[in-house]
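Trainee: Could you walk me through this one? I'd like to learn how to read its features step by step.

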Amino acid sequence: MNTLTKSIIKLLITGAVLGGIVVGALAVRNRLTEEAAEGIPSVAVERKTVERRVPAEGVLEAEKATPIMPPRGSRRLRIAWLKEDGSAVEEGEVLVRFDREEFEKSLSNGEDAQKSAEFKLAIERTQNLGAQKARDRSADLARIDLQVAQERKTTEDDEIFSRNELLTSNIDRQLSEARVEHAGAASKMDRAISRSKVQLLELEKQAAELEIGRANDGLSRMEVKAPHDGIFVYENDRIEVGATVYRGQTLGKLPLTASMEAEVFVLEADVKGLVEGTAATFFIESQPSKHYAAKIKKIDTLAKPRHEDVPIQYFTITLELEETDTTVMKPGQRVRADLTLAALDGLIVPRQCVFQVDGDMVVFRKNGETFDTVKVKLGAGTPGLVVIEEGLADGDRVATQDPFGRASEAEDGEDDSTEPKEESGS
């Protein structure tokens, strides 16, 4: 027997020994698995129909609401008193009172400006009257001088009076004519100036009267009253006593409670499959025992976070209520809803019974005293249940945990990224 033959025989003997060891190890492992199988819980696979429901939460709102705003014409107001948020009010009841200080100050300033303008007008008219009388006297004297000069000219004789006297008389006459003309022009100009001053003072008085009118108008509207019966709801948490509000800003709403709707929020990942008209049920958190029927009226086109500091995205969905119970439902009440999607129909198992092994989705089907690893094809599902399209039959039992400790649970019917554990002894 040569050396090569001896080596081959040695290798064959070693392989046989190792094979026996592996077979023995597997036999021991199978035996341990069968003994442990008795303590593994399992559930029966059933063909049934299960509704798919999407959870949501939100608040009740009125379909129609009257906005409550500051009085028209106001630029800036400070809230002095507020009706309590969520209060039931009747038509004509005061909802908001504003601070009167700014309007009272404006009224006082306007009254002072009006008195000042009236005083200045009185002075201007008195002064103008005195100045006019003085100008009229000057004009009368100039006309008298002119008349005397003209009469002197008619009686003068060139042969009696000297040339110098004649020249002086002529100069006096011309001066009197100039004085008369100047007095008339000055009087006309002074009257125009006085009229301009009076007009400016009249405008000043009118501006003061306008300010007084605005102040009185503002003071008459320092209260906002309810236009009809309803529930007064604040617009946001910044509406409070002492807050400054501006023209056109919405302070709150007065909902018409005869017809209500619910605004709920659904996680972005759960909105798939929801459409307008989808059936829903909801209950008011303060009265969880009573449920109400509704349907989806509107779905927002974009998801957005509900809170600034939390990046989770939600779709806002408006629910149309089948009926409004006015004795119970109030705007702002928190609600929880279930939105019903298409029903699951088929072989349904709990999602916890589906695992991932070597990239395949599997279940562990009970076979006597042990479990078989069975590949399955998953269908639609809910957060807790999933449809098995292929791999199982009605009446099979599957383990709710991995009997071999080498698989990971599936998530949402998709491959799990966790690597499968290696079997001991393999």
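**Reading the model**

Mentor: Let's start with one residue: K375 counts as exposed, because its relative accessibility is 58%. Buried means under 20% relative accessible area, exposed means over 50%, and partly exposed is in between (1.4 Å probe, protein chains only). Before we go on, this is a predicted model: local features need pLDDT of at least 70, side-chain atom pairs count only at pLDDT 80 or more, and totals for chains, interfaces and linings use all residues. Residues are numbered from 1 along each chain as its sequence is written, and side-chain values use heavy atoms, with hydrogens and water left out.

Trainee: Does K375 pair up with anything, and if so, what forms a salt bridge with K375?

Mentor: First the idea: a salt bridge is a side-chain nitrogen of Lys or Arg within 4 Å of a carboxyl oxygen of Asp or Glu. Here the partner of K375 is D360, with the closest N and O atoms 3.2 Å apart. K375 lies in strand β21 (residues 370-375) and D360 in strand β20 (residues 360-367), so the pair ties together parts that are 15 residues apart in sequence. D360 counts as partly exposed, because its relative accessibility is 28%.

Trainee: How many salt bridges does the structure hold?

Mentor: The structure holds 18 salt bridges. One of them joins E204 to K120, with 3.7 Å between the closest N and O atoms. That pair links distant parts of the chain: E204 sits in helix α3 (residues 163-220) and K120 in helix α2 (residues 101-155), 84 residues apart. E204 is partly exposed at 31% relative accessibility, and K120 is partly exposed at 38%.

Trainee: Which residues are linked in a network of salt bridges?

Mentor: The network is made of E57, E285, R306, R334 and R336. Within it, the side chains of E285 and R334 meet at 3.5 Å, N to O. E285 is in the loop between β13 and β14, while R334 is in strand β17, 49 residues apart. E285 is partly exposed, with a relative accessible area of 29%, and R334 is partly exposed too, at 38%.

Trainee: You keep naming helices and strands. How many of each does the protein chain have?

Mentor: Helices (H or I, at least four residues) and strands (E, at least two) are DSSP runs, numbered from the N terminus. The protein chain has 3 helices and 25 strands.

Trainee: In what order do strands line up in a sheet?

Mentor: The general rule is that two strands pair if DSSP finds at least two bridges between them. One open sheet here has 4 strands in the order β2-β18-β23-β22, with antiparallel pairing. Its edge strands, β2 (46-50) and β22 (377-381), each pair on one side only. On average, neighbouring strands of this sheet are turned by 60° against each other, direction ignored. For such angles, axes are lines fitted to C-alpha atoms (for helices over the stretch in contact), and angles run from 0 to 180 degrees between N-to-C directions. Inside the sheet, 4 bridges join β18 (residues 344-350) to β23 (residues 385-390), and I348 has V387 in β23 as its bridge partner.

Another open sheet has 4 strands in the order β8-β7-β5-β10, again antiparallel. β8 (223-225) and β10 (244-246) stand at the edges with a single partner strand each, so one side of each is left without a neighbour in the sheet. The twist averages 40° from one strand to the next. Between β7 (residues 94-98) and β8 there are 3 bridges, and V94 stands opposite K225 in β8.

Trainee: And the inside? Which residues of the largest nonpolar core touch the most other members?

Mentor: A nonpolar core is a set of buried Ala, Val, Leu, Ile, Met, Phe, Trp, Tyr and Cys residues joined through side-chain atoms within 4.5 Å. The largest has 26 residues, and L60, V264, L274, F282, I317, L319 and L339 touch the most other members. Strands that each supply at least two residues of this core include β3 (53-62), β12 (260-267) and β16 (310-321). Apart from it lies another core, of 21 residues, among them V96, L107, F232 and L251.

Trainee: How much of the whole chain is buried?

Mentor: Buried residues make up 32% of the 426 residues in the protein chain.
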